[in-house]
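Colleague: I have a chain open in the viewer and want to learn how to read it. Take me through it feature by feature.

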Amino acid sequence: TIGTHLIKYDISNNTATSKVSIVHSNNTARYYTPAFEPSTDKVFTPLGQYVDIFDAATLAYSGSINMATPSGGNNNAAYIVIVNTDDDEVLIASKEGFTIFNPVTHAITGTGLFSSYSEITNGRYNSAEGKYYIGAAGSSPNSKPKIAVINASNNSLTSVEISESGGNNNNRTTGIALDTVRNFIWCMNDDRKIASLDCTDNSVTHYDTTFAGTNYAVMPYVLNDKLFIGSQVDNNSGKVYQLTTVINDG
């Protein structure tokens with residue numbers, strides 16, 4: 001999304017091929033990320049109170065989910081959408097909680113509450129574990145980075161703090177990236193160091209590679225064994241880290 005439009009790109013040549021106006025227009029929609037759901041061939045677009053749904057092939061509008069009604073379950077807003085391709089489900093979350101929907105009928109299949117998050121960033125579904133992972137910030141007084149781990153089989157929630165003993169505590173939130181090769185979630189700890197969460201046991205490892213900056217975002221995908229991190233410092237610069245180097249140096 002850009003502003004109040006959903007834009008379709010041809011990634012082979014990085015060209016915009018079509019765009020459509022978002023039905024429930026939201027000037028802050030650029031902060032929310034659409035997600036493609038393959039079983040329905042639809043794009044789910046979170047907009048706060050609403051999730052607008054579009055046909056991926058034509059960008060035709062096909063309906064909305066109103067998160068502020070009882071159909072929204074325990075989550076009254078939409079900030080991120082995560083697609084579960086194993087069970088053909090869609091998880092929609094805000095900092096208050098999450099609701100899992102059937103993407104065809106929009107029937108609720110699960111809900112849960114977040115009790116100590118001041119914000120959330122992005123999320124991924126890990127098929128190897130059957131779990132959803134969401135980057136978050138803890139609420140005061142323990143305002144440290146956290147990762148929410150939601151088990152897709154029973155919707156149980158585990159909150160993992162990404163903090164390092166003796167750290168400077170100059171970072172309170174983290175984005176996440178799924179590494180399917182190592183079965184890791186890569187993230188940022190409370191000292192702006194790169195960290196990893198082992199998805200097999202939720203153990204956290206901290207590395208010496210430090211990202212100096214503020215207002216950064218961990219891109220959700222690991223590509224060619226590289227981790228991508230963007231920042232608002234240095235003219236909105238981005239950095240790319242070779243993960244074998246991060247591990248060896250750490």
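Colleague: How many bridges join β11 to β12?

Modeller: Strands of a sheet pair through backbone hydrogen bonds, either parallel or antiparallel. Here β11 and β12 run antiparallel and are joined by seven bridges. Strands are DSSP runs of E with at least two residues, helices are runs of H or I with at least four, and both are numbered from the N terminus. Two strands pair if DSSP finds at least two bridges between them. I120 stands opposite A136 in β12, and Y117 has G138 as its bridge partner there. The β11-β12 hairpin has four residues between the strands, and its G130 takes a positive phi near 65°.

Colleague: Before we go on, what kind of model is this?

Modeller: This is a predicted model: local features need pLDDT of at least 70, side-chain atom pairs count only at pLDDT 80 or more, and totals for chains, interfaces and linings use all residues. Residues are numbered from 1 along each chain as its sequence is written, and side-chain values use heavy atoms, with hydrogens and water left out.

Colleague: Which strand follows β12 in the sheet?

Modeller: β13. The order is β11-β12-β13-β14, an open sheet of four strands with antiparallel pairing. β11 and β14 are the edges; each has a single partner strand, so one side of each is left without a neighbour in the sheet. On average, neighbouring strands are turned by 25° against each other, direction ignored. For such angles, axes are lines fitted to C-alpha atoms, for helices over the stretch in contact, and angles run from 0 to 180 degrees between N-to-C directions. β12 and β13 pair in the antiparallel sense over six bridges. A136 has K146 as its bridge partner in β13. Six residues lie between β12 and β13 in their hairpin.

Colleague: Is β12 mostly covered or exposed?

Modeller: Use relative accessible area: buried is under 20%, exposed is over 50%, partly exposed is in between (1.4 Å probe, protein chains only). In β12, eight of its eight residues are buried. K131, Y133, G135 and A137 point one way, while Y132, I134, A136 and G138 point the other.

Colleague: Which residues have the most contacts inside the largest nonpolar core?

Modeller: A nonpolar core is a set of buried Ala, Val, Leu, Ile, Met, Phe, Trp, Tyr and Cys residues joined through side-chain atoms within 4.5 Å. The largest has 16 residues, and L91, A93, F114, Y132 and I134 have the most contacts inside it. Elements giving two or more residues to this core include β8 (89-93), β11 (117-126) and β12 (131-138). Another core, of 14 residues, lies apart from it; A177, F211, Y241 and V246 are among its members.

Colleague: What is L91 in contact with?

Modeller: Contact means heavy atoms within 4.5 Å. Leaving aside neighbours within four places in sequence, the partners of L91 include I82, F98, Y132, I134 and I150.

Colleague: Now a polar side chain. Is N122 buried or exposed?

Modeller: N122 is buried, at 14% relative accessible area, and sits in strand β11. A polar contact is a pair of N or O atoms within 3.5 Å; within protein, one must be able to donate a hydrogen and the other to accept it, and residues adjacent in sequence count only if both atoms are side-chain atoms. The N122 side chain makes one of 3.3 Å with the side chain of T121. The N122 side chain also reaches the backbone oxygen of V218 at 3.2 Å.

Colleague: And N66? Which side chain does N66 touch?

Modeller: The side chain of Q49, through a polar contact of 3.2 Å. A polar atom of the N66 side chain also lies 3.0 Å from the backbone nitrogen of A68. N66 is in strand β6 (residues 61-66) and is buried, at 19%.

Colleague: Where should I look for a positive phi outside glycine?

Modeller: Most residues other than glycine have a negative phi, and most peptide bonds are trans. R192 has a positive phi of about 60°. R192 lies in the loop between β16 (184-188) and β17 (193-198) and counts as buried at 19%. N155 has a positive phi of about 65°, in the loop between β13 and β14.

Colleague: Last one. Is S165 buried or exposed?

Modeller: Exposed, at 78% relative accessibility. S165 lies in the loop between β14 (157-161) and β15 (177-179).
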